[in-house]
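Student: I am new to this structure and would like to understand the words used for it. Could we go through them together?

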Protein chains: 2
Amino acid sequence: MKPTLTAELVAAVAERFRALGEPARLRIVRELMGGELSVGALVDRTGLGQANVSKHLQVLHRFRFVTRRKDGPYVHYRLAGDDVFKLCDIMCGRLDDSASPS
Amino acid sequence: MKPTLTAELVAAVAERFRALGEPARLRIVRELMGGELSVGALVDRTGLGQANVSKHLQVLHRFRFVTRRKDGPYVHYRLAGDDVFKLCDIMCGRLDDSASPS
DNA sequence: CTATTATATTCCTGACGAGTAATATGGCAA
DNA sequence: TTGCCATATTACTCGTCAGGAATATAATAG
């Protein structure tokens, strides 16, 4: 039941939680829930800076939360699966339990 | 479908992901998966400092990932529900997909 | 009461990471 | 080729947070 989860694996899991632990990245993820979008479209919709969006997308892509599709000079990103939906659903559900933690 | 998720709610969700985004806190959570433990027991099992463990437990408790039970001078913590299990299961499952992201 | 143990809190330092501006890279048009 | 547009990367500043030492609080024993 405790398959000797090494420190490296724990760190890897923590890294992935932190990847979803930034409001800017969650806003990007949220926009992508409506379907694939280019970097520029994400910049427009989120109001974040272009360099900022690009870097956040690299983080999300490194951990396979999003996939890339190149289309000429454009790069379209989309959610890589439904894991993000499941994770966000659980977290959002937790907001009900005592909405304002002391 | 997009119930105007405010910036505050996005920030609240991000905060909760970050609460699970620290290796030390994940190690504590992992120990608690075997059942309720006191602070001192967690200090022994994790090798973390006492102040450190106590502070991490406050974070986990603030977001209701763990509950407290006082027993004389001892304080026993336990996982507050199965959300943590579900979240960690999903995240651990993601480790398989390309174990070493560039 | 004092002493001891368990836990919590405060203060401080160091490191990581978000944000921005500037620059680099890549693709396409003329 | 040159020029322009979309995206990526670099360099930098600044805020936040983990960690540890010291201290504070709480509960129990004597």
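Student: What makes B:His56 and DNA strand D a polar contact?

Tutor: Happy to help! This is a predicted model, and in it an N or O atom in the side chain of B:His56 is 2.6 Å from a phosphate oxygen of DNA strand D. A polar contact is a pair of N or O atoms within 3.5 Å, so this pair counts as one.

Student: Which backbone atom of A:Gly40 lies 2.7 Å from a phosphate oxygen of DNA strand D, and what does A:Tyr77 use?

Tutor: A:Gly40 places a backbone N or O atom 2.7 Å from a phosphate oxygen of DNA strand D. A:Tyr77 uses a polar side-chain atom, also 2.7 Å from a phosphate oxygen of this strand. A:Gly40, A:Tyr77 and B:His56 are among the residues that come nearest, out of the 25 around DNA strand D.

Student: How do you know which part of DNA strand D the protein meets?

Tutor: Look at the atoms of DNA strand D within 4 Å of the protein: 64% belong to sugar or phosphate, and the rest to bases. Helix 4 of chain A gives the most to the surface near this strand, with five residues.

Student: What makes A:Lys55 and DNA strand C a polar contact?

Tutor: An N or O atom in the side chain of A:Lys55 is 2.9 Å from a base oxygen of DNA strand C. The limit is 3.5 Å, so the pair qualifies. B:Val75 passes as well, because its backbone N or O atom lies 3.4 Å from a phosphate oxygen of DNA strand C.

Student: Which helix gives the most to the surface near DNA strand C?

Tutor: That is helix 4 of chain B, with five residues. The surface near DNA strand C divides into eight nonpolar, nine polar and six charged residues.

Student: Why is helix 2 of chain A called roughly perpendicular to helix 1 of chain B?

Tutor: Their axes come within 9 Å and cross at roughly 115°. Angles of 65 to 115 degrees count as roughly perpendicular, so helix 2 of chain A is described that way relative to helix 1 of chain B. The crossing is right-handed.

Student: Which residues meet there, and how do they divide by class?

Tutor: From helix 2 of chain A come A:Pro23, A:Leu26 and A:Arg27, while helix 1 of chain B brings B:Val10, B:Ala11, B:Val13, B:Ala14 and B:Phe17. By class, this contact has seven nonpolar, no polar and one charged residues.

How values were computed. Residues are numbered from 1 along each chain as its sequence is written. Chains are lettered from A and ligands numbered from 1 in the order in which they are written. This is a predicted model: local features need pLDDT of at least 70, side-chain atom pairs count only at pLDDT 80 or more; totals for chains, interfaces and linings use all residues. Side-chain values use heavy atoms; hydrogens and water are left out. A residue is near a molecule or strand if one of its heavy atoms lies within 4 Å of it. A polar contact is a pair of N or O atoms within 3.5 Å; within protein, one must be able to donate a hydrogen and the other to accept it, and residues adjacent in sequence count only if both atoms are side-chain atoms. Helices (H or I, at least four residues) and strands (E, at least two) are DSSP runs, numbered from the N terminus. Axes are lines fitted to C-alpha atoms, for helices over the stretch in contact, and angles run from 0 to 180 degrees between N-to-C directions. Angles under 35 degrees count as roughly parallel, over 145 as roughly antiparallel, 65 to 115 as roughly perpendicular and the rest as oblique. A crossing is left-handed if the near helix is turned anticlockwise from the far one by less than a right angle, and right-handed if clockwise. Contact means heavy atoms within 4.5 Å. Ala, Val, Leu, Ile, Met, Phe, Trp, Tyr, Cys and Pro count as nonpolar, Asp, Glu, Lys and Arg as charged, and the others, Gly among them, as polar.
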